[in-house]
Amino acid sequence: MKLSFTKMQGAGNDFVVIDATRQPFSLSPEQLRRLGDRRFGVGCDQILVVEPPDAPDVDFRYRIFNGSGEEVEHCGNGARCFVRFVQEQGLSRKTELRVRTVNNVLTLRSQDDGRVQVDMGAPRLNPESLPFESAGLQADAQGLWPLALADGDAVKLALVSMGNPHAVLWVDDVDQAPVALRGPQIQADPRFPQGVNVGFMQIQSRTRARIRVYERGAGETLACGTGACAAVVAGIRAGLLDAAVEVQARGGLLRIEWDGVGSVFMTGPAETVFQGSIEL
Ligand SMILES: N[C@@H](CCC[C@H](N)C(=O)O)C(=O)O
């Protein structure tokens, strides 16, 4: 079959976007992996699918697959690209969209300055929400959980669900962070039965942080929207960050806001790179 697609990026987190309002979408995990493959396919961190609404309270359905082929719950940078795609393809003229993901309804707003703001929903902070099997462990006063790793080392993790699971470590210098070593180790730890996205955050001031994220199903990406939200939520809870924080990822800058109670708001860029078709 021949599939039309649009390649997009948000702060360097890149996507293959499929319009399932105009062409049928039913790809096997193997076809999804091929699409995501940077050598044998198009190449991307995630595949985003724009589907018609399934009820009158939303404008579209928004489905997300990691490049490794599994469907996942949330993708923040992808949500911004979703808005840009829908506008550029003439699928909606609205500047505010409501979209249904597998476990939430998100509100996406296109701003006059060209950026997109996403109401990412409220974070969940109990370990069961990731899930994280916490039996026999106790979080410290900053809300950090101890985790003994298979190689005998131990780390302290903030655990935040943004609809998808995140573990966040504080580091002194994000450029020196052991992302390639600790990312896969923590992600594969049996206490995370559904895996976890692992973020490494360097706090520079009460309003600025730098971050790298080793994502589930994609490895280290140039930015992770849900990862930036989770890290800021963890920093605010620990009393180290203010309610509005500029988060510098390797591929771009995101603004994250949280009042400590309700939804997290994420603002950042979204851009089309090229369009094409592929035989799958
Ligand atoms: N890049 C994303 C997150 C994509 C999903 C994640 N890899 C997972 O498995 O949960 C973002 O911008 O949030």
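The following paragraphs lead through a predicted model, from its domains to single residues.

The chain is divided into two domains. Domain 1 covers residues 2-117 together with 270-279, and domain 2 covers residues 127-262. Their C-alpha centres lie 24 Å apart. Where the domains meet, 18 residues of domain 1 and 19 residues of domain 2 take part in the contact.

The interior comes next. In soluble globular proteins, nonpolar side chains tend to be buried together. In this model the largest nonpolar core has 81 residues, and Phe-82, Ala-228 and Val-232 have the most contacts inside it. Helix H4, residues 225-237, contributes the largest share of this core, namely 8 residues. The core draws at least three residues from each of domain 1 and domain 2. Which residues does Phe-82 contact, once its neighbours within four places in sequence are left aside? They are Leu-48, Val-50, Tyr-62, Val-99 and Leu-108.

One of these partners, Val-99, leads to strand E6, residues 96-100. In a regular strand the side chains alternate between the two faces of the sheet. Strand E6 displays this pattern: Leu-97 and Val-99 point to one face and are buried, whereas Glu-96, Arg-98 and Arg-100 point to the other face and are not buried. On the parallel side, E6 pairs with strand E4, residues 60-66, over 2 bridges, and Phe-60 stands opposite Val-99. Strand E7, residues 105-110, runs antiparallel to E6 and is joined to it by 5 bridges. Here Val-99 stands opposite Leu-106. A hairpin with 4 residues connects E6 to E7.

Arg-98 shows the other face of the strand. Is this residue buried or partly exposed? Arg-98 counts as partly exposed because it has 16 C-beta neighbours inside 10 Å, and a buried residue would need 20 or more. Not counting residues up to four places away in sequence, Arg-98 touches Asp-57, Val-58, Asp-59, Val-105 and Thr-107. Arg-98 and Asp-57 are 41 residues apart in sequence, yet their C-alpha atoms are 7.7 Å apart in space.

Strand E11, residues 165-170, offers another arrangement: 6 of its 6 residues are buried. Both of its faces are covered, with Pro-165, Ala-167 and Leu-169 on one side and His-166, Val-168 and Trp-170 on the other. Strand E10, residues 154-161, runs antiparallel to E11 and is joined to it by 4 bridges; in this pairing Val-160 stands opposite His-166. The two strands form a hairpin with 3 residues between them, and Gly-163 in the turn has a positive phi of about 100 degrees. E11 also pairs with strand E12, residues 197-205, in the parallel sense over 5 bridges. The bridge partner of Ala-167 in E12 is Val-198. Between these parallel strands, the chain passes through helix H3, residues 179-187, in a right-handed β-α-β crossover.

The surroundings of the ligand can be described next. In total, 19 residues surround the ligand, and the closest are Asn-77, Asn-164, Arg-216, Gly-225 and Thr-226. Helix H2, residues 76-88, and helix H4 each supply at least two residues of this shell. H2 gives the most, with 3 residues.

Some details of the backbone also merit attention. Most residues other than glycine have a negative phi, and most peptide bonds are trans. Ala-11 has a positive phi near 55 degrees although it is not glycine. This residue is found in the loop between strand E1, residues 2-10, and strand E2, residues 13-19. Ala-11 counts as buried because 26 other C-beta atoms lie within 10 Å. The peptide bond from Leu-130 to Pro-131 is cis, with omega near 0 degrees. Pro-131 lies in the loop between strand E8, residues 116-119, and strand E9, residues 144-148.

Finally, Ala-249 in strand E15, residues 244-249, leads back to residues already described. Ala-249 has 25 C-beta neighbours inside 10 Å and therefore counts as buried. Beyond residues up to four places away in sequence, Ala-249 touches Ala-11, Gly-12, Ile-211, Leu-222, Ala-223, Ala-228 and Leu-254. Among them, Ala-11 is the residue with the positive phi, and Ala-228 is one of those with the most contacts inside the largest nonpolar core. By contrast, the C-alpha atoms of Ala-249 and Pro-193, 56 residues apart along the chain, are separated by 27 Å.

Note on methods. Residues numbered from 1 in each chain as written. Predicted model: local features only at pLDDT ≥ 70, side-chain atom pairs only at ≥ 80, totals over all residues. Core = buried A, V, L, I, M, F, W, Y, C linked by C-beta atoms within 7 Å. Buried ≥ 20, exposed ≤ 12 C-beta atoms within 10 Å, placed from the backbone. Domains from an automatic or database assignment. Contact = placed C-beta atoms within 7 Å. Pairing = 2+ DSSP bridges. Right-handed = clockwise from strand over helix to strand, strands pointing away. Near = placed C-beta within 6 Å.
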